[in-house]
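Here are a few short exercises to work through with the model open beside you. Try each one yourself before you read the solution.

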Amino acid sequence: MRPFLLLLVSGLFLILLQAMPWNVFFPKMGTVNLSFAFVIFVALFYPSLGSWFLAFMLGYTLDTLSGGPAGLMTMLNLGALLFIRTSNRIMVFESLPSQATLILCLTASADYILLMVTEVATNNSLGFILPGVLLKSVFITLLSIPFFVVYNKRRLSSED
């Protein structure tokens, strides 16, 4: 129960952090979905039933705070969790390059799906939208790499 509460508080802190008006400090950056990268982290390293509830709660909180289409972030979080859990049977994401590639691909896909559902992508050309989606995905990947490095080292040291 204690690890779940720690993960829940961490996820809610990331939602609070991403809800701050960062465009004052970094103009034209847009919103960065830090909690989605956290859901990917939870899906990789905490294979329990609580991770499904955590992904649901973080998505529902984002849906409530963002004012976007109801249930969209919840479905994206649960879809990413389902994708990781089913692909873990085929491919193991234990190395940092595979984890970084997973984050990059899933965040780019989630951003593009978000833009498609909100009809931003259908009103603009792909060449206009794709650089922004890829830039945000690379930024989220670079932000999450230190956490994966620390956790991978910690996991390897506990196995020895």
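**Exercise 1.** Find the helix that holds Gln99, then decide whether Gln99 is buried or exposed.

*Solution.* Start with the location: Gln99 sits in helix H5. Keep in mind that you're looking at a predicted model. Next, check the relative accessible area, which is 0% for Gln99. Buried means under 20%, so Gln99 is buried with its 0%. Finally, look at what surrounds it: leaving out residues up to four places away in sequence, Gln99 touches Leu44, Phe45, Phe93, Glu94, Phe148 and Asn152.

**Exercise 2.** Do the same for Leu72: which helix is it in, and is it buried or exposed?

*Solution.* Leu72 has its place in helix H4. Its relative accessible area is 12%. The cut-off for buried is under 20%, so Leu72 counts as buried at 12%. Now for its contacts: skipping residues up to four places away in sequence, Leu72 touches Asp63, Leu114 and Val117. You can also compare sequence with space: Gly59 is 13 residues from Leu72 along the chain, and their C-alpha atoms are 7.8 Å apart.

**Exercise 3.** Now try Leu16: name its helix, and work out whether it is buried or exposed.

*Solution.* Leu16 belongs to helix H1. Its relative accessibility is 52%. Exposed means over 50%, so Leu16 is exposed at 52%. Then look at its surface partners: Leu16 joins Phe13 and Met20 in a nonpolar surface patch, and together the three have about 320 Å² of accessible area.

**Exercise 4.** Which residues touch the most other members of the largest nonpolar core, and which helix gives the most to this core?

*Solution.* The core has 34 residues, and Phe38, Ile40 and Leu44 touch the most other members. Helices H1, H2, H3, H4, H5 and H7 each give it two or more residues. H2 gives the most, with eleven residues. To see one of those well-connected members up close, pick Ile40: not counting residues up to four places away in sequence, it touches Ile84, Leu102, Ile103, Leu106 and Thr107.

**Exercise 5.** Step back to the whole chain: how many helices and strands does it have, and what share of its residues is buried?

*Solution.* Count the elements and you get seven helices and zero strands. Read from the N terminus, that's α-α-α-α-α-α-α. Of the 160 residues, 38% count as buried. As for the outside, the accessible surface is about 9800 Å², and 73% of that belongs to carbon and sulfur atoms.

Key. Residues are numbered from 1 along each chain as its sequence is written. This is a predicted model: local features need pLDDT of at least 70, side-chain atom pairs count only at pLDDT 80 or more; totals for chains, interfaces and linings use all residues. Side-chain values use heavy atoms; hydrogens and water are left out. A nonpolar core is a set of buried Ala, Val, Leu, Ile, Met, Phe, Trp, Tyr and Cys residues joined through side-chain atoms within 4.5 Å. Buried means under 20% relative accessible area, exposed over 50%, partly exposed in between (1.4 Å probe, protein chains only). Helices (H or I, at least four residues) and strands (E, at least two) are DSSP runs, numbered from the N terminus. Contact means heavy atoms within 4.5 Å. Patches are made of residues with over 30% relative accessible area and no salt bridge: like charges are joined within 9 Å, nonpolar side chains (Val, Leu, Ile, Met, Phe, Trp, Tyr) within 5 Å. Accessible areas come from the Shrake-Rupley method with a 1.4 Å probe; for residues, only the protein chains shown count as cover. A salt bridge is a side-chain nitrogen of Lys or Arg within 4 Å of a carboxyl oxygen of Asp or Glu.
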